[in-house]
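Thanks for making the time this morning. I would like to walk you through the strand pairing in one model, and I will try to be careful about the definitions as we go.

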Amino acid sequence: FTWKKLMSNASFSKHIRQRRKILTNKERANFALMASLYLPKLLPHLPKNANVGLYLDDFGELPTAPILTFCQKHDFVPFLPITIKDKPLRFAPVFMPLYKTPLKRHPFGMKEPADKHGICADKLDLIICPLVAVDGSGNRLGMGGGFYDRTFANFCGLKIGWCYHFQVVDSLTVNEWDKGVDMVITDKGVIRF
C-alpha cells in the first residue's frame with residue numbers, strides 16, 4: 001500500500017486491525033492453511049528439537065494453530081510468551097494438547113501462560129511474532145506494547161512475522177527502538193529480508 005505514507009501509524013494500525021476483524025473464521029482458517037504450506041521452508045534454518053516461540057491469536061490475527069501442528073510434526077518444542085511490564089518477554093512451554101497449558105488473560109487482553117517464570121528468549125531458536133504491518137525492509141509495526149521490540153533487542157535467533165499478505169506494505173515509519181524481523185510468512189508465501 002502506498003497510501004500508508006499519508007496516514008499516521010495509529011490510524012494505519014486501526015485500519016489494518018479493522019480489516020483483520022471483518023474476516024470470517026472460515027476465511028481466517030483458509031488463510032492460515034495457505035500460510036502453513038510455507039512453514040517447511042523453516043526446516044533448513046532450525047536444529048533438531050528446536051525451541052520455537054509463538055503466540056496465540058486472539059485479535060483477528062492470522063491463526064497460529066498450524067504453527068503448533070508444525071511443531072508437533074517435527075518434534076519442536078513450542079513456547080508461549082509471558083509479558084512482564086517494561087521487560088523483555090519470557091517464554092513458557094506449551095503442553096499439548098493446548099488445553100493442558102494453564103492460561104490467563106494479560107491486562108491487554110491476550111492469552112498467555114499462567115506460569116510467571118518461563119525462560120529467556122535466548123533459549124529459543126526462533127520466535128514467530130504478531131504484527132500489524134511489515135514493510136519491504138522487515139520493519140514491523142507491532143501491536144503497541146513494545147514487548148517484542150524489547151525482546152528482539154538482544155535476540156540472536158530467527159525472527160519471523162506471521163500475518164496476512166495484506167499486512168505487507170511498501171514502507172513504514174520506524175523509531176530507533178523498533179526491531180524488525182528476518183522474514184515473514186503470509187498466505188501468499190515467504191518474504192526474506
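What follows covers two sheets and some of the strand pairs within them.

Before that, a word on the basis: this is a predicted model, in which local features need pLDDT of at least 70 and side-chain atom pairs count only at pLDDT 80 or more, while totals for chains, interfaces and linings use all residues. Residues are numbered from 1 along each chain as its sequence is written, and side-chain values use heavy atoms, with hydrogens and water left out.

By strands I mean DSSP runs of E with at least two residues, numbered from the N terminus, and two of them count as paired if DSSP finds at least two bridges between them.

Let me begin with the open sheet of eight strands, whose order is 6-3-2-1-7-10-12-13 and whose pairing is mixed. Strand 6 and strand 13, the latter spanning 189-192, each have a single partner strand and stand at the edges, so one side of each has no neighbour in the sheet. Strand 6, residues 119-120, pairs with strand 3 in the antiparallel sense over two bridges, and there F91 stands opposite I119. Strand 3, residues 90-93, is also joined by four bridges to strand 2, residues 77-82, again antiparallel, with F79 opposite P93. As for strand 13, four bridges join it to strand 12, residues 183-186, in an antiparallel arrangement, where V184 has I191 as its bridge partner.

The other sheet is open, with three strands in the order 9-8-11 and mixed pairing. Strand 8, residues 133-135, runs antiparallel to strand 9, with two bridges between them, and V134 has R140 as its bridge partner.
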